[in-house]
Amino acid sequence: ITAGPYPLVYYRDQQIKLEDLAHRLAEDHSPDRSMIIQADRLTPQGSVVEVMNLCLENGYSVVLATAPKER
């Protein structure tokens, strides 16, 4: 998820609309039902939570990816 007034969402390295994410998750029949969410530091928290909730509602376990703090 990118930062900005209109955050961009990527699923499997392809940019998609947030509205399409639930549909894409429901169609995915992969046996691995885990999702790693990586968001830019300035991404609105509400966008991250919205994506996380969509994943959880579709049976995915969710992990939030972080980067080490720069020194």
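Biologist: Why is the second largest pocket, with a volume of about 350 Å³, called a pocket and not a cavity?

Modeller: Both terms rest on a 1 Å grid over the protein atoms alone: a cavity is a set of points where a 1.4 Å probe fits but cannot get out, whereas a pocket is an open set with protein on both sides within 12 Å along at least five of seven lines. The volume is the space filled by probe spheres set on the points, which are joined across faces, edges and corners. This is a predicted model, in which local features need pLDDT of at least 70 and side-chain atom pairs count only at pLDDT 80 or more, while totals for chains, interfaces and linings use all residues. Numbering starts from 1 along each chain as its sequence is written, and side-chain values use heavy atoms, with hydrogens and water left out.

Biologist: What makes a residue part of the lining of the second largest pocket, and which lie nearest its centre?

Modeller: A lining residue has an atom within 4 Å of a point; there are 13 of them here, and Ala39, Asp40, Arg41, Ala65 and Thr66 lie nearest the centre. Strands E3 (34-38) and E4 (61-65) each give two or more residues to this lining, where such elements are DSSP runs numbered from the N terminus, at least four residues of H or I for a helix and at least two of E for a strand.

Biologist: What makes up the lining of the largest pocket, by class?

Modeller: The largest pocket holds about 460 Å³ of space, and of its 18 lining residues Tyr10, Tyr11, Arg12, Met35 and Ile36 are closest to the centre. The lining divides into 11 nonpolar, three polar and four charged residues, because Ala, Val, Leu, Ile, Met, Phe, Trp, Tyr, Cys and Pro count as nonpolar, Asp, Glu, Lys and Arg as charged, and the others, Gly among them, as polar. The largest share, five residues, comes from E3.

Biologist: Why is arginine 12 called exposed?

Modeller: Exposed means over 50% relative accessible area, buried under 20%, and partly exposed in between, with a 1.4 Å probe and protein chains only; arginine 12 has 57%, so it is exposed. Aspartate 13, at 79%, is exposed as well. Arginine 12 sits in the loop between strands E1 (9-11) and E2 (14-16) with a positive phi near 55°, and aspartate 13, in the loop between E1 and E2 too, has a positive phi of about 65° although it is not a glycine.

Biologist: What makes a set of residues a nonpolar core, and which have the most contacts inside the largest one?

Modeller: Such a core is a set of buried Ala, Val, Leu, Ile, Met, Phe, Trp, Tyr and Cys residues joined through side-chain atoms within 4.5 Å. The largest has 13 residues, with Tyr11, Leu21, Leu25, Met35 and Val51 making the most contacts inside it. E1, helix H1 (18-27), E3 and H2 each supply at least two residues of this core, and H2 gives the most, four. Leucine 25 touches (heavy atoms within 4.5 Å) residues including Tyr11, Met35 and Leu54.

Biologist: How do you know that the chain agrees with a compact globule?

Modeller: The globule rule, 2.2 Å times the number of residues to the power 0.38, is set against a radius of gyration over C-alpha atoms; for 71 residues it predicts near 11 Å, and the chain has 12 Å, so the two agree.

Definitions and conventions
Lists of a residue's contacts leave out its neighbours within four places in sequence.
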